[in-house]
Amino acid sequence: MTPAFKLTSFLRNHHLQLLPIIVLLVLAMTVLSDSFMNTQNMINLANRISINLIIAAGMTLLITSGGIDLSVGSTVGLSAIAAALYFQNGYDAIAGPYGAIALGLGVGAMVGLLNGFLVAILGIPAFIATLGLMLAVRGVVFIISSGRTIMGFGQSYIDTFSGFTLGIPRAAIVAVITALLASFVLNRTTTGRLLQGLGGNERCLYTAGIRVKRLKMGAYVMMGILAGLAGLTLSASMSAAEPFAGTWYELDAIAVVVMGGTALAGGKGTLMGTTLGATLLGLVANSINLLGISAYYQTFLVGVMIMTAIVIGSPVLTGARAR
């Protein structure tokens with residue numbers, strides 16, 4: 001393989017095209033803002049990227065399988081509130097912080113299981129089913145929290161997801177481990193190959209005797225558990241659980257996954273691309289804040305980034321045959 005051919009392959013690799021954009025943005029912000037490289041901003045940036053990456057790792061697996069989940073933002077809020085109520089009611093005296101972690105992950109798994117039941121068993125389109133649960137779960141968040149922010153987490157719980165290990169924010173460590181495990185599952189296991197096959201040609205898997213419904217439900221449960229983990233990480237970093245926590249995170253996750261090169265139609269996904277997408281989105285949001293630009297522009301930019309990624313990955317431009 002010649003160097004010229006390697007360069008051409010690199011440029012054609014959709015997700016790696018994000019890397020030079022990230023480098024240029026970092027250089028530009030280093031020049032434009034004195035606050036960009038300070039320690040507190042780096043911690044804030046790492047926390048934002050980490051939470052987006054944890055959710056997007058699950059969304060990568062799900063979209064690769066041909067599904068989608070619009071309820072992840074509400075699930076983030078519900079798991080955070082559930083953990084907060086655990087401490088408020090004194091249950092930590094019985095099971096310590098581990099009970100709150102199990103509760104948050106269990107809440108996420110239950111939402112994922114319900115999504116999987118609606119989509120795989122009842123055959124409701126994923127967009128409709130998860131949109132309905134997005135509203136229902138957010139309603140539950142407001143009901144059980146009475147619409148108020150809950151504080152008072154135990155310090156051991158906060159230390160599990162925030163703080164530092166060897167100078168690295170623990171939220172970042174959790175996110176990287178999550179992305180590596182998701183990449184291993186997708187690329188090195190039978191389950192990952194089946195998820196790709198499910199997104200590429202569901203009928204083929206069904207004909208081959210694969211339990212498609214069970215596989216679909218498993219993908220939604222994995223998504224729910226990771227949304228729950230993101231909720232725990234968010235609440236620990238803020239030392240509080242807000243009823244609005246996680247709002248619009250589903251759009252951020254979808255943007256990250258699509259920008260990273262995962263096909264919205266399913267069948268193809270990459271965790272490396274998702275990691276770069278989460279980094280780029282976090283940098284854009286952080287830059288907007290530091291430069292004093294209205295947050296309204298962030299929503300506009302996310303929409304533009306999604307549409308750009310969709311257009312670049314369209315069958316017409318890539319030469320792929322539409323299924």
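In this talk I will go through a predicted model, taking the annotated segments, a pocket, one covered helix and a few single residues in turn.

Let me start with what the record says, because the UniProt entry, which is unreviewed and whose annotations may be inferred rather than shown by experiment, gives us a frame for the rest. That entry places the feature "transmembrane region" at residues 15-32, 53-86, 98-119, 126-147, 167-186, 219-241, 274-294 and 300-320. If we set two of these stretches against the model, we find that residues 98-119 are 100% helix and 0% strand, with the end C-alpha atoms 31 Å apart. Over residues 53-86, by contrast, the chain is 79% helix and 0% strand, and there the end C-alpha atoms are 26 Å apart.

Now please look at the second largest pocket, which holds about 540 Å³ of space. As a reminder for those new to this, rolling a probe the size of a water molecule over the atoms shows where empty space is left. Which residues lie nearest the centre of this pocket? They are R48, Y249, D252, A285 and Q298, out of a lining of 22 residues. That lining divides into 9 nonpolar, 11 polar and 2 charged residues. Several helices take part, since α3 (39-64), α11, α12 (249-259), α13 (271-290) and α14 (296-312) each supply at least two lining residues. Of these, α3 gives the most, with 6 residues.

One of those helices, α12, deserves a moment of its own, as 10 of its 11 residues are buried. Among the buried ones are Y249 and D252, the two residues of this helix that we have just met near the centre of the pocket. After α12 comes G261, whose phi is positive, near 100 degrees.

I would next like to take three buried residues, each in a helix. The residue G77 is found in helix α4 (residues 72-88), and because its relative accessible area is 0%, it counts as buried. Not counting residues up to four places away in sequence, G77 touches R138, V141 and A245.

The residue V141 appears again when we turn to S145, which sits in helix α6 (residues 126-145): a polar atom of the side chain of S145 lies 2.7 Å from the backbone oxygen of V141. An α-helix has 3.6 residues a turn, so residues three or four places apart point the same way. Is S145 buried or exposed? It counts as buried, because its relative accessibility is 0% and the cut-off is under 20%. Leaving aside neighbours within four places in sequence, S145 is in contact with I81, I150 and P243.

The third residue is T233, in helix α11 (residues 212-238), which is buried with a relative accessible area of 1%. Its contacts, again without neighbours within four places in sequence, are I51, I54, F161 and A171.

Finally, let us consider two loop residues with an unusual backbone angle to point out. The residue S146, in the loop between α6 and β1 (150-151), has a positive phi of about 55 degrees although it is not a glycine. The residue S239, in the loop between α11 and β4 (240-241), also has a positive phi of about 55 degrees without being a glycine. As for their surroundings, S146 counts as exposed at 57% relative accessibility, whereas S239 is partly exposed, with a relative accessible area of 28%.

Notes:
Residues are numbered from 1 along each chain as its sequence is written. This is a predicted model: local features need pLDDT of at least 70, side-chain atom pairs count only at pLDDT 80 or more; totals for chains, interfaces and linings use all residues. Side-chain values use heavy atoms; hydrogens and water are left out. Helices (H or I, at least four residues) and strands (E, at least two) are DSSP runs, numbered from the N terminus. Buried means under 20% relative accessible area, exposed over 50%, partly exposed in between (1.4 Å probe, protein chains only). Contact means heavy atoms within 4.5 Å. On a 1 Å grid over the protein atoms alone, a cavity is a set of points where a 1.4 Å probe fits but cannot get out, and a pocket is an open set with protein on both sides within 12 Å along at least five of seven lines; lining residues have an atom within 4 Å of a point. Grid points are joined across faces, edges and corners, and a volume is the space filled by probe spheres set on the points. Ala, Val, Leu, Ile, Met, Phe, Trp, Tyr, Cys and Pro count as nonpolar, Asp, Glu, Lys and Arg as charged, and the others, Gly among them, as polar. A polar contact is a pair of N or O atoms within 3.5 Å; within protein, one must be able to donate a hydrogen and the other to accept it, and residues adjacent in sequence count only if both atoms are side-chain atoms.
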